[in-house]
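Subject: A structure to look through

Hello,

I am passing on a structure for you to look at, and I would ask you to open it before reading further. My notes come after it.

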Amino acid sequence: MASIEEWYKQMPVITRSYLTLSFLTTASCALEIISPFSVYFNARLIFRKMQIWRLFTNFFFFGHMGLDFLFHMFFLARYCRLLEEGSFRGRTADFFYMLVFGGSLLTAIAPFVNIQFLGSSLTFMMVYVWGRRNQHVNMSFLGLFNFNAPWLPWVLLLFSVMLGSSPVVDLLGMGAGHMYYFLEDVYPRISGRRWLKTPNVLLALFPREETVHIPGAGENQFEGALLAKAEAQNERGERLSLPFLWVPAMT
């Protein structure tokens, strides 16, 4: 079994960076090295007191170091990595731009819904985009019922509400994810034009890489790596297991 160090080093750069910053920020608050009051989103402090760092730090705090924190880190690490290694493979700049677009949209809405930390919403955005781009992946929740991947954010939203959480944070992430999916995947097909173009400065910072094509792993199909593993397990009649969720072998 691969060690935690190997697992960490194998993460793509954006996923590893976001996970690291989230862990360090949350752990620093738990150890009282810094205060959550110094990192939360506050439009008045940002624009009147010029505390610009709050535009970014609020995305890295995920609450108390408990089960809920581990739950968020799991989804952040998993679906951020699946996107970066799947439909964004070799396109790190485009993936980073997706996060910038989503973060900017969430930041613009946050003052009107009184949300101070947007990391959970951004994670939910990634889950939504992954689900929309993998529409034929069949999943199961806790072994209770099956559903296709586009329903994953709705299932998680229902589960969160059942635990007594507010749906606003998750709905914001789903809204941002749907906006990105429409502008990036739907609108160009129906109009022939693209509104979302990755800035040249990001393309220079993260040059495109050549990737190995896996037949059937299109931009809106299964994630390339996940498909290859699922096909291998399908030949053995197995199912691809995930914590909390699993993907059955394809038929």
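Below is what was found in this structure, going from the whole chain to single residues.

Please keep in mind from the start that this is a predicted model. The protein chain holds eleven helices and four strands, and of its 251 residues, 47% are buried. If you take the contacts between residues at least 6 apart in sequence, 64% of them join residues that are at least 24 apart.

The largest nonpolar core is a good place to begin, and it has 55 residues, among which Phe95, Met98, Met126 and Trp130 touch the most other members. Two or more residues of this core come from each of H2, helix H5 (67–85), helix H6 (92–113), helix H7 (119–133), E1, helix H8 (152–162) and H9, and H5 gives the most, with ten residues. To see one of these members in more detail, look at Met126, which, if its neighbours within four places in sequence are left aside, is in contact with Tyr18, Leu76, Cys80, Leu83, Phe95, Met98 and Leu99.

Next, please look at helix H9, which covers residues 168–191 and therefore has 24 residues that should span 34 Å at 1.5 Å a residue; the C-alpha atoms at its ends are 32 Å apart, which agrees. The helix is nevertheless kinked, with a bend of about 40° centred on Phe182, and just after H9 comes Gly192, whose phi is positive at about 80°.

The strands E1 (residues 138–141) and E2 (residues 145–148) pair in the antiparallel sense, and four bridges join them. Phe141 has Phe145, in E2, as its bridge partner. Three residues lie between the strands of this hairpin, and in it Leu142 takes a positive phi near 55°.

Finally, there is a residue in a loop that I would like you to find, namely Asn42, which sits between helix H2 (13–30) and helix H3 (43–48). Is Asn42 buried or exposed? Its relative accessibility is 16%, and because a residue counts as buried under 20%, Asn42 is buried. The side chain of Asn42 also reaches the backbone nitrogen of Leu45, at 3.0 Å.

When you go through the model yourself, you could start from Met126 and its contacts, including Tyr18 and Leu76, and then follow H9 to the kink centred on Phe182.

Best wishes

Notes: Residues are numbered from 1 along each chain as its sequence is written. This is a predicted model: local features need pLDDT of at least 70, side-chain atom pairs count only at pLDDT 80 or more; totals for chains, interfaces and linings use all residues. Side-chain values use heavy atoms; hydrogens and water are left out. Buried means under 20% relative accessible area, exposed over 50%, partly exposed in between (1.4 Å probe, protein chains only). A polar contact is a pair of N or O atoms within 3.5 Å; within protein, one must be able to donate a hydrogen and the other to accept it, and residues adjacent in sequence count only if both atoms are side-chain atoms. The expected span of a helix is 1.5 Å times one less than its number of residues. The bend at a residue is the angle between axes fitted to the seven residues ending there and the seven starting there. Two strands pair if DSSP finds at least two bridges between them. A nonpolar core is a set of buried Ala, Val, Leu, Ile, Met, Phe, Trp, Tyr and Cys residues joined through side-chain atoms within 4.5 Å. Contact means heavy atoms within 4.5 Å.
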